[in-house]
Amino acid sequence: MRLLVTGGAGFIGANFVHSTVREHPEDSVTVLDAFTYAGRRESLADVEDAITVVKGDISDAALVAALVAESDAVVHFAAETHVDNSLEDPWTTLQTNVVGTFAILQAVRRHDVRLHHVSTDEVYGDLELDEPSRFTESTPYNPSSPYSATKAASDLLVRAWVRSYGVRATISNCSNNYGPYQHVEKFIPRQITNVLTGRRPKLYGSGANVRDWIHVDDHNSAVRRILEKGENGRTYLIAAEGERDNLTVMRAILQALGHDPDDFDHVTDRAGHDLRYAIDPTSLYNELGWAPKHANFEEGLRATIDWYRANESWWRPLKDATEGRYEERGQ
């Protein structure tokens with residue numbers, strides 16, 4: 001396939017590009033990325049000779065249309081994904097997540113190109129900590145933040161373009177990812193790099209919030225399976241069924257790094273902080289025969305820590321500015 005990967009220099013997108021080059025050398029890959037603070041050429045350095053990289057905004061309709069016209073499929077990762085940033089600057093989040101997705105949809109509609117739209121479980125809101133239910137494809141949307149609201153809007157646009165215009169598209173909503181190339185503003189790499197730079201890790205509130213963790217390589221293998229075998233118009237939920245509260249994850253990081261598991265600071269909780277995410281990936285398992293390979297979270301976490309230890313040159317330039325922004329918010 002001739003693949004156009006939007007946001008291919010970001011965390012999940014860059015890992016998708018790496019796995020595509022490694023596992024599907026017959027594909028040609030074009031990356032479209034705006035190279036904002038979270039999209040970095042350094043994340044593609046090892047594969048840059050095997051791909052085409054275009055710097056540009058997904059809201060640029062003319063650029064998007066030209067690239068889509070030369071593609072067989074679009075995998076749409078590009079998004080503003082950080083909740084705290086969306087609370088501070090909702091306009092940028094809306095521009096990228098909604099207007100950008102609109103531009104993608106218009107281009108794939110015009111050129112009849114297959115689209116896979118990557119979304120998040122956060123569109124469903126949250127669950128009570130003690131309830132047994134999980135999110136399914138039929139769970140009503142109930143977003144809590146500008147980030148999740150704009151992702152919900154983009155999902156609904158995709159569904160409408162499938163129904164109204166016959167666009168060939170699928171959607172996936174995934175749980176929290178971890179792994180290499182994740183920006184140090186995110187929970188797991190922030191705590192790892194805090195320890196590696198002699199800072200104390202920081203935990204929102206009591207740390208009771210539960211997330212459903214999945215290794216980024218498992219997420220991307222599911223995206224590939226959906227791209228190849230998914231039913232047009234369907235939404236698939238991706239998860240490795242790895243629910244853990246943030247306090248447990250914090251202590252696992254500290255133990256893996258040889259520190260006291262309580263050697264961290266509690267900081268001001270995030271506004272509107274969702275309690276629990278949990279995804280039911282049954283349809284993906286049963287219909288498409290997918291299963292995660294990194295089912296052991298502790299092993300995946302240790303491998304992630306090893307990556308950050310070995311790649312300080314990648315994350316070190318980001319660290320001080322990131323912590324400065326958190327300090328301004330008292331977090």
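Both faces of strand β9 are covered: V210, D212 and I214 on one side, and R211, W213 and H215 on the other, are all buried. Buried means under 20% relative accessible area, exposed means over 50%, and partly exposed lies in between (1.4 Å probe, protein chains only). Helices (H or I, at least four residues) and strands (E, at least two) are DSSP runs, numbered from the N terminus. This is a predicted model, in which local features need pLDDT of at least 70 and side-chain atom pairs count only at pLDDT 80 or more, while totals for chains, interfaces and linings use all residues. Residues are numbered from 1 along each chain as its sequence is written, and side-chain values use heavy atoms, with hydrogens and water left out.

**Strand β9 and its partners**

- Strand β9 spans residues 210-215, and 6 of its 6 residues are buried.
- Strand β7 (residues 176-178) runs parallel to β9, and 3 bridges join the two. Two strands pair if DSSP finds at least two bridges between them.
- Y178 stands opposite H215 in β9.
- Strand β11 is also joined to β9 by 3 bridges, but this pair runs antiparallel.
- Here D212 stands opposite E243 in β11.
- N176 sits in strand β7. N176 touches D121, R211, D212, W213, I214 and Y277, not counting residues up to four places away in sequence. Contact means heavy atoms within 4.5 Å.
- N176 and V216 are 40 residues apart along the chain, and their C-alpha atoms are separated by 8.8 Å.

**Nonpolar cores**

- The largest nonpolar core has 28 residues. Such a core is a set of buried Ala, Val, Leu, Ile, Met, Phe, Trp, Tyr and Cys residues joined through side-chain atoms within 4.5 Å.
- V17, L44, V75, I238 and L284 have the most contacts inside this largest core.
- Two or more residues each come from β1 (2-6), α1 (11-23), β2 (28-33), β4 (73-76), α7, β10 and α9.
- Helix α7 gives the most to this core, with 4 residues.
- I238 touches S172, N173, C174, S175, I214, H219, A222, V223, I226, I279, L284 and W290, not counting residues up to four places away in sequence.
- Apart from the largest core lies another, of 24 residues, among them L247, V249, I305 and L318.

**Helices α7 and α11**

- Helix α7 has 14 residues and reaches 20 Å from its first C-alpha to its last, close to the 20 Å expected at 1.5 Å a residue. The expected span of a helix is 1.5 Å times one less than its number of residues.
- Buried residues in α7 are V216, D218, H219, N220, A222, V223, R224, I226 and L227.
- E327 belongs to helix α11 (residues 312-328). E327 counts as exposed because its relative accessible area is 60%.
- From E327 to T248 the C-alpha distance is 24 Å, with their positions 79 residues apart in sequence.

**Salt bridges**

- Side chains of opposite charge can pair when their charged atoms come close.
- A search of the whole structure finds 23 salt bridges. A salt bridge is a side-chain nitrogen of Lys or Arg within 4 Å of a carboxyl oxygen of Asp or Glu.
- R40 and E42 meet in a salt bridge (3.6 Å, N to O). R40 is buried, at 9% relative accessibility, whereas E42 is partly exposed, at 46%.
- E287 forms a salt bridge with R234, and the closest N and O atoms are 2.8 Å apart. E287 lies in helix α9 (residues 282-288) and R234 in the loop between α7 (216-229) and β10 (235-238), so the pair ties together parts that are 53 residues apart in sequence. E287 is partly exposed, at 46% relative accessibility.
- E243 and R276 also meet through their side chains in a salt bridge (2.8 Å, N to O). E243 lies in strand β11 (residues 243-245) and R276 in the loop between β12 (265-267) and α9, so this pair ties together parts that are 33 residues apart in sequence. E243 is partly exposed, at 34% relative accessible area, while R276 is buried, at 5%.
- R200, K202, D263 and D265 form one network, joined by salt bridges that share partners.

**Record annotation**

- The UniProt annotation "domain: NAD(P)-binding", from an unreviewed entry, covers residues 4-303. UniProt positions are given in the numbering used here, feature names are shortened, and annotations may be inferred rather than shown by experiment.
- The end C-alpha atoms of residues 4-303 lie 29 Å apart, and the span is 40% helix and 17% strand.
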